[in-house]
Each structure stands twice: as C-alpha cells, then as structure tokens.
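Colleague: Before I plan anything at the bench, could you take me closely through one part of this model and follow its side chains from there into the surroundings? Please explain the reasoning wherever a cut-off decides the matter.

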Amino acid sequence: MDEQLCDHLYISHSFDSDKEIHAKDLPKKIHKKWKCHWVVLSRNISPSKCCLDYCKKENDWLSKNQCEITRCQLTRFTVRKFSGREEHDNYLIISLRTYAICLSFESITKMDEWYGVLERLLEFYDVTLQCPEHKDLEGEYVVQFSSPGPVKVWGVDGLLRWEWSLDTVRKIGCQTSTAQLKIEVGRKSSVGEGHFFFACLRASDLFTAIKSTIQLIACQQLERTPVQPMMALECVHTVECPSREHHTCI
C-alpha cells in the first residue's frame with residue numbers, strides 16, 4: 001500500500017514542537033519564514049516508511065536530487081488543523097519530535113484531503129510480536145486499529161494476516177518502561193487462545209486507543225441494560241500497578 005499526495009504549498013518549520021501554536025502565531029505568507037515548496041507526502045502501511053518530502057522545485061523531486069530534498073520521517077507525529085487570519089489561510093500543523101511543520105493550503109477541501117491521509121497514518125503501528133502459544137506467528141508486523149475496531153494485524157508485505165474483534169480480547173496491558181503491549185485473546189479469536197506481546201514504539205498510544213474503545217462499548221452496554229448495572233460496571237476496569245503497568249480487563 002503506497003500512496004502519494006503532491007502539491008505546491010507554503011511551508012514554515014521554525015516552530016518548537018513543545019509550544020502550543022495558535023493562528024495568531026503564524027506569520028502572513030509574505031513573511032520571509034514562508035517558502036513555497038513542492039511537497040510530497042508518501043504513505044506506506046509501515047509507519048517507518050512514511051515520510052514528508054519537500055524541495056524548492058518540482059523538478060528536483062522528479063530528478064531525485066537528494067541534495068535539494070528535505071525528508072521528515074513520520075514514524076511518530078501528531079497533526080491538527082485550523083484556519084488562520086485570512087479566508088484562504090488553512091493550516092496543518094505536523095508536530096515531530098523536535099520541531100513542528102506548518103503547511104498552508106489555499107482551500108479547505110485540499111487541507112481536509114491531506115489531513116485525512118495523515119490521520120489514517122496514525123492508525124498503523126510497527127510492532128515485533130512474541131507469543132509463547134504461537135511461535136510460528138512471531139515476527140515483524142503492522143497493527144492497525146481505529147474505533148470501534150477490530151484490531152487488524154498486517155504483514156510488512158501489506159497482506160492482512162488476522163484480526164481480532166474486541167469481544168475476543170480478554171486482557172490488554174501496556175508496560176510503558178519497555179514499550180510493550182500485551183493482548184490476551186480467547187478461544188474464539190481467529191488465531192485461537194494466546195498471549196501476544198507486541199514491542200512497539202507507540203505502545204502507549206495503541207493501548208490508550210483500544211482501552212478507550214472498550215470502555216465506550218461497556219458504557220453503551222450499560223445504557224442498554226440498566227437492570228444489571230453491576231455486571232456492566234465490572235466488565236471493564238483500569239488499575240495502575242507500582243511497576244507502571246496498566247491493565248484493562250474484560
């Protein structure tokens with residue numbers, strides 16, 4: 001799964017990633033900080049292969065002139081959008097580890113297109129799997145999750161290997177000190193019962209996404225079955241252990 005978005009965009013990248021950026025902080029396009037570049041967003045199923053490239057001229061990109069191309073790896077990032085001072089100023093802020101990039105679009109439609117692709121990138125997580133019950137499944141994968149599920153496990157070749165609906169998940173935990181996600185699934189899962197350990201750079205993000213979805217489903221079930229509130233409340237709980245390990249049990 002390889003996709004690219006390309007366009008001539010005004011770009012500024014002089015922001016501190018830790019700073020909260022507001023529309024009033026952005027310079028006008030006539031300011032020297034804004035430069036028009038040929039910008040290319042490359043998307044792959046593996047986050048480690050996703051990147052944002054930009055250069056002054058489109059020909060530099062077409063000729064693969066590496067000396068003129070600046071590359072930003074999108075292994076770990078956040079994105080948000082807002083409108084600026086003028087009617088045609090529509091901005092995307094892409095925050096990386098040490099700095100933030102601001103892209104300016106002439107139309108909301110174009111901005112929303114880029115924002116949608118960047119948002120979808122955040123659904124994918126590079127992982128290394130270990131599983132004592134299924135040694136044959138161990139290896140490198142890409143996990144995809146967006147509410148309401150399921151959890152999809154892709155091969156690095158882009159082929160879907162298996163998926164879990166959340167009702168087959170017994171426990172999910174995250175060891176933040178080792179960046180490891182642990183998922184226990186029952187016999188009804190597509191690969192059978194087992195304990196799956198995923199080493200993942202964004203393990204806490206994936207854990208939070210799955211945990212919040214499980215809690216939302218539990219609340220919805222509680223609303224539909226008010227005569228048995230205690231059973232629904234016990235369905236999901238979160239505890240914090242001294243080892244900084246968090247569990248959500250089903």
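Modeller: I would begin with C36, which counts as partly exposed because its relative accessibility is 40%, a value that falls between the 20% limit for buried and the 50% limit for exposed. Please keep in mind throughout that this is a predicted model. C55 counts as buried, because its relative accessibility is 2%. The count of disulfides is 0, and C55 accordingly belongs to none, the nearest cysteine sulfur being that of C6 at 9.9 Å, whereas a disulfide would require two such atoms within 2.5 Å.

From the cysteines I would move to strand β2, which spans residues 35-44 and has 8 of its 10 residues buried, so that the rest of the structure largely encloses this strand. Its partner is strand β3, residues 51-55, and the two run antiparallel to one another, paired over 5 bridges. Together β2 and β3 make a hairpin in which 6 residues separate the two strands, and within that arrangement V39 faces Y54 of β3.

Strand β3 also contributes a charged side chain, since D53 meets R71 in a salt bridge with an N to O distance of 2.8 Å. This contact joins distant parts of the chain, with D53 in strand β3 and R71 in strand β4 (residues 70-73), 18 residues apart. The acid of this pair counts as buried, because the relative accessibility of D53 is 0%.

That bridge belongs to a count of 9 salt bridges, and another of them is worth setting beside it. K81 and D112 form a salt bridge whose closest N and O atoms are 2.8 Å apart, and because K81 sits in strand β5 (residues 78-83) while D112 sits in helix α2 (residues 108-121), the pair ties together parts separated by 31 residues in sequence. Here K81 is partly exposed, because its relative accessible area is 36%, and D112 is likewise counted as partly exposed, because its relative accessibility is 32%.

A third example is the salt bridge between the side chains of R170 and E184, where the N to O distance is 3.5 Å. R170 lies in strand β12 (residues 169-175) and E184 in strand β13 (residues 180-185), so the pair links distant parts of the chain that are 14 residues apart. R170 is partly exposed, because its relative accessible area is 28%, whereas E184 counts as buried, because its relative accessibility is 16%. These two side chains do not stand by themselves, for R170, E184 and E193 are linked in a network of salt bridges.

The nonpolar interior comes next. The largest nonpolar core holds 28 residues, and those with the most contacts inside it are W162, W164, L181, I183, F196, F198 and I210. At least two residues of this core come from each of β8 (124-130), β9 (139-144), β10 (151-155), β11 (160-164), β12, β13, β14 (194-199) and α3 (203-224), with the largest share, 5 residues, supplied by α3. Apart from this core there is another, of 24 residues, among them V39, L96, Y115 and L118, which brings us back to V39, the residue opposite Y54 in β3.

Finally, there are the aromatic rings, for which the whole structure gives 6 pairs. Y141 and W162 form an edge-to-face pair, because their ring centres are 5.3 Å apart and their planes stand at 65 degrees, and, with Y141 in strand β9 and W162 in strand β11, the pair ties together parts that are 21 residues apart in sequence. Both Y141 and W162 are buried. W164 and F198 are also edge-to-face, because their centres are 6.2 Å apart and their planes stand at 70 degrees; this pair links W164 in strand β11 with F198 in strand β14, 34 residues apart. W164 is buried because its relative accessible area is 1%, and F198 is buried because its relative accessible area is 1%. Leaving aside neighbours within four places in sequence, the residues in contact with F198 include V127, L129, V143, W164, L181 and I183. Taken together, Y141, W162, W164, F196 and F198 form one aromatic cluster.

Key. Residues are numbered from 1 along each chain as its sequence is written. This is a predicted model: local features need pLDDT of at least 70, side-chain atom pairs count only at pLDDT 80 or more; totals for chains, interfaces and linings use all residues. Side-chain values use heavy atoms; hydrogens and water are left out. Buried means under 20% relative accessible area, exposed over 50%, partly exposed in between (1.4 Å probe, protein chains only). Helices (H or I, at least four residues) and strands (E, at least two) are DSSP runs, numbered from the N terminus. Two strands pair if DSSP finds at least two bridges between them. A salt bridge is a side-chain nitrogen of Lys or Arg within 4 Å of a carboxyl oxygen of Asp or Glu. A nonpolar core is a set of buried Ala, Val, Leu, Ile, Met, Phe, Trp, Tyr and Cys residues joined through side-chain atoms within 4.5 Å. Contact means heavy atoms within 4.5 Å. Rings of Phe, Tyr and Trp (its six-membered ring) pair if their centres lie within 6.5 Å; planes under 30 degrees apart count as stacked, over 60 as edge-to-face and the rest as tilted.
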